[in-house]
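Colleague: Could you give me a close look at a single part of this model, the helix packing, in plain terms for someone who works at the bench? Please take me through it step by step.

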Amino acid sequence: MSDMNELVQRYLAAWNETDAAARQAVLAEVLAEDAVYTDPLVSVQGRDGLDATIAAVQGQFGGLVFSLGGAVDAHHDIARFTWHLGPEGADPVVIGFDVAVIGADGRISQVLGFLDKVPAGV
């Protein structure tokens with residue numbers, strides 16, 4: 001993928017995809033096979049690890065969707081972006097931002113996630 005904004009949009013689409021096979025196809029498109037994902041709640045390596053994480057998040061926050069919270073800020077092979085998780089068209093329940101490192105093949109090789117707004121008890 002040549003456009004960083006498109007890559008981030010496709011990455012978020014993986015978080016919204018509830019069909020496991022379709023989600024795995026999107027992850028294969030945007031994520032390096034050995035990519036590392038780390039946020040305050042989990043650290044996983046590889047597409048399968050992130051796929052399992054996404055499935056768990058969907059189980060916990062069923063019916064909510066991820067959306068881009070603003071413009072993607074990028075330079076070199078690094079992108080940062082704010083994301084929202086909430087009911088479609090309503091205020092987000094969770095807000096965070098990710099920093100993604102893009103590998104030489106144009107896919108994400110590392111994601112460092114931060115949570116800015118999280119509901120109590122999560």
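**How the helices pack**

Modeller: Happily! Let me start with one pair: the crossing of H1 over H2 is left-handed. Please keep in mind that this is a predicted model. Two packed helices are described by the angle between their axes and by how far apart those axes are. For H1 and H2, the axes come within 9 Å and cross at roughly 150°. Angles over 145 degrees count as roughly antiparallel, so H1 is roughly antiparallel to H2. On the H1 side, the contact is made by Leu7, Arg10, Tyr11 and Ala14; H2 brings Arg23, Val26, Leu27, Glu29 and Val30. Sorted by class, this contact of H1 with H2 has 6 nonpolar and 3 charged residues, and no polar ones.

Now let us bring in H3. This helix covers residues 46-60, and at 1.5 Å a residue its 15 residues should span 21 Å; the C-alpha atoms at its ends are 22 Å apart, which agrees.

H3 packs against H1 at an angle of about 60°, with 8 Å between the two axes. That makes H1 oblique to H3. Here Tyr11, Ala14, Trp15 and Asn16 of H1 meet Leu50, Thr53, Ile54, Val57 and Gln58 of H3. The residues of this contact divide into 6 nonpolar and 3 polar, with no charged residue. You may recognise Tyr11 and Ala14: they are among the H1 residues that touch H2, and they also take part in the contact with H3.

The remaining pair to look at is H2 with H3. Their axes lie 10 Å apart, at an angle of about 135°, and the two helices are therefore oblique to each other. Their crossing is right-handed. From H2, the contact uses Arg23, Gln24, Leu27 and Ala28, while H3 supplies Arg47, Leu50, Asp51, Ile54, Ala55 and Gln58. By class, the contact of H2 with H3 has 5 nonpolar, 2 polar and 3 charged residues. Arg23 and Leu27 of H2 appear in this contact, and they also belong to the contact with H1.

It helps to look at H3 from the other direction, through its buried residues. These are Gly46, Arg47, Gly49, Leu50, Asp51, Thr53, Ile54, Val57 and Gln58. In an α-helix there are 3.6 residues a turn, so residues three or four places apart point the same way. With that in mind, follow Leu50, Ile54 and Val57 along H3: each is buried, and each meets H1. Leu50 and Ile54 also take part in the contact with H2. What covers the buried residues of H3 includes helices H1 (4-16) and H2 (20-30), and also strands S1 (31-39), S2 (42-45) and S3 (65-68).

Since S1 and S2 are part of that cover, here is a brief look at the stretch there. Asp39 lies in S1 and is buried, with a relative accessible area of 16%. The C-alpha atom of Asp39 is 11 Å from that of Gln110, although 71 residues separate them along the chain. Pro40 sits in the loop between S1 and S2 and, at 55% relative accessibility, counts as exposed. Leaving aside residues up to four places away in sequence, Pro40 touches Gly113, Phe114 and Leu115.

Key:
Residues numbered from 1 in each chain as written. Predicted model: local features only at pLDDT ≥ 70, side-chain atom pairs only at ≥ 80, totals over all residues. Heavy atoms only, no water. Helix = DSSP H or I, 4+ residues; strand = E, 2+ residues; numbered from the N terminus. Expected span 1.5 Å × (residues − 1). Buried < 20%, exposed > 50% of the residue type's maximum accessible area, 1.4 Å probe, protein only. Contact = heavy atoms within 4.5 Å. Axes fitted to C-alpha atoms, helices over the stretch in contact; angles between N-to-C directions. Parallel < 35°, antiparallel > 145°, perpendicular 65-115°, else oblique. Left-handed = near helix turned anticlockwise from the far one by under 90°. Nonpolar A, V, L, I, M, F, W, Y, C, P; charged D, E, K, R; others polar.
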